[in-house]
Amino acid sequence: MIRLAIQKSGRLSDDSLALMRECGISFHQSAGKLKAEASNFPIEFLFLRDDDIPQYVANGTADLGIVGENVLVENNETVDWVEKLGFGKCRLAIAVTRDSAYENVGDLNGMKIATSYPQILRNYLKRHNIKAHIHEISGSVEIAPSIGLAQAICDIVSSGSTLMSNGLKEVETVMQSESVLIATPNLTQSKKNILEQLRFRIQSVRKAQEYKYILMNVPNHAIERVSKILPVLKSPTILPLALEGWSSLHSVVREDEFWRVISQLKEAGAEGILVIPIERMVA
Ligand code: PRT
Ligand code: ZN
């Protein structure tokens with residue numbers, strides 16, 4: 001049995017649980033309970049505040065954890081990074097008031113910067129040889145400039161709309177972040193084996209998300225042309241249609257590449273194009 005710490009309630013909770021379900025792991029999460037055990041995989045979940053996850057994993061209370069890189073780097077605990085998970089994407093950025101004459105990072109010299117990420121900010125300022133005052137606050141960082149608490153902030157940004165509605169503009173990116181799977185150092189061999197099985201499933205799910213299964217009808221004379229345009233994984237499957245002179249062409253393609261070539265496919269004679277999600281891609 002392996003124990004995975006997941007954020008109890010917050011931006012990473014739903015995606016973390018959805019990933020486990022997509023990995024074919026079944027469990028029942030009762031409201032208010034701190035633990036849940038899977039019925040068909042040797043794993044149990046521990047629901048915690050995200051800030052506590054690095055420490056719980058570092059000291060072995062949990063074997064694994066899912067947490068944002070921002071929290072991980074800030075806490076600086078000794079854990080193994082296993083796998084980036086692709087959700088919870090955001091960046092830690094420095095912002096100043098919209099009317100500021102800010103030109104470059106040197107302008108931060110002497111400023112008071114409010115943040116919940118003092119450690120990361122301190123390292124960033126050091127790397128850029130900036131002497132500024134770090135004012136640590138735990139929440140609502142974005143209102144600090146408007147109440148005269150600081151001239152700049154260093155906070156998480158995703159769409160940028162929070163900054164905008166608080167009269168701020170983003171001027172520097174301090175780090176990019178997404179959710180990662182972490183592990184306690186020195187897992188026992190049997191837990192390492194469970195982790196490997198879990199990783200294999202996670203990779204299959206993530207790979208499947210990037211690809212689509214596509215089908216299209218193609219006149220036989222255009223099969224070669226269409227096949228050349230398609231960014232296929234290997235080689236397309238071609239089946240005859242009941243209608244004389246036509247075939248159905250099936251293939252697996254990366255979704256982003258598929259959208260890039262769709263108009264060429266239609267020009268080449270492909271019709272009735274279907275795009276179907278793939279549940280898992282194993283090897
Ligand atoms: O209760 P607990 O301590 O567990 O949760 P929390 O409130 O500390 O964290 P939570 O749930 O807000 O975020 C968890 C993780 O999600 C963060 O550590 C990041 O790794 C990631 N993440 C992704 C974000 C965002 N996007 C995000 N937009 N975390 C916070 N925000 C906030 C940001 O602080 C700001 O207030 O959203 C606002 C900005 O969003 P935009 O879209 O307006 O730019
Ligand atoms: Zn938190």
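**A predicted model: aromatic pair, zinc site and ligand 1**

Q: Is Phe 258 buried or exposed?
A: In this predicted model, Phe 258 has a relative accessible area of 1%. The cut-off for burial is under 20%. Phe 258 is therefore buried.

Q: How does Trp 259 count by relative accessibility?
A: The partly exposed class lies between 20% and 50%. Trp 259 is at 49%. Trp 259 therefore counts as partly exposed.

Q: What kind of aromatic pair do Phe 258 and Trp 259 form?
A: Two aromatic pairs turn up in a search of the whole structure. In the pair of Phe 258 and Trp 259, the centres are 5.1 Å apart and the planes make 65 degrees. Planes over 60 degrees apart meet the edge-to-face cut-off. The pair is edge-to-face.

Q: Which residues coordinate the zinc ion (ligand 2)?
A: The contacts run through OD atoms, at 2.1 Å. The residues are Asp 50 and Asp 51.

Q: What is the arrangement of the four donor atoms around the zinc ion (ligand 2)?
A: The angles run from 75 to 172 degrees. A tetrahedral site needs all angles between 85 and 135 degrees. Because of its angles, the arrangement at zinc is irregular.

Q: How does Asp 51 count by accessibility?
A: Asp 51 is one of the zinc ligands. Its relative accessibility is 34%. Asp 51 therefore counts as partly exposed.

Q: What percentage of the area of ligand 1 does the protein bury?
A: Polar side-chain atoms of Arg 49 and Asp 50 each lie 2.8 Å from an oxygen atom of ligand 1. For Asp 51 the value is 2.7 Å. Alone, ligand 1 exposes 840 Å², and the share buried by the protein is 78%.

Q: How many residues surround ligand 1?
A: The closest include Asn 70, Ser 159 and Thr 162. Asp 51 and Gly 160 are also among the closest. The surrounding residues number 22.

How values were computed:
Residues numbered from 1 in each chain as written. Chains lettered and ligands numbered in written order. Predicted model: local features only at pLDDT ≥ 70, side-chain atom pairs only at ≥ 80, totals over all residues. Heavy atoms only, no water. Donors = N, O, S within 2.8 Å, 3.2 Å for Na, K, Ca; no water. Tetrahedral: all angles 85-135°; square planar, octahedral: opposite > 155°, others 65-115°. Buried < 20%, exposed > 50% of the residue type's maximum accessible area, 1.4 Å probe, protein only. Near = heavy atom within 4 Å. Polar contact = N/O pair within 3.5 Å; in protein donor to acceptor, adjacent residues only side chain to side chain. Areas by Shrake-Rupley, 256 points an atom, 1.4 Å probe, with all protein chains shown as cover. Phe/Tyr/Trp six-rings, centres within 6.5 Å; stacked < 30°, edge-to-face > 60°.
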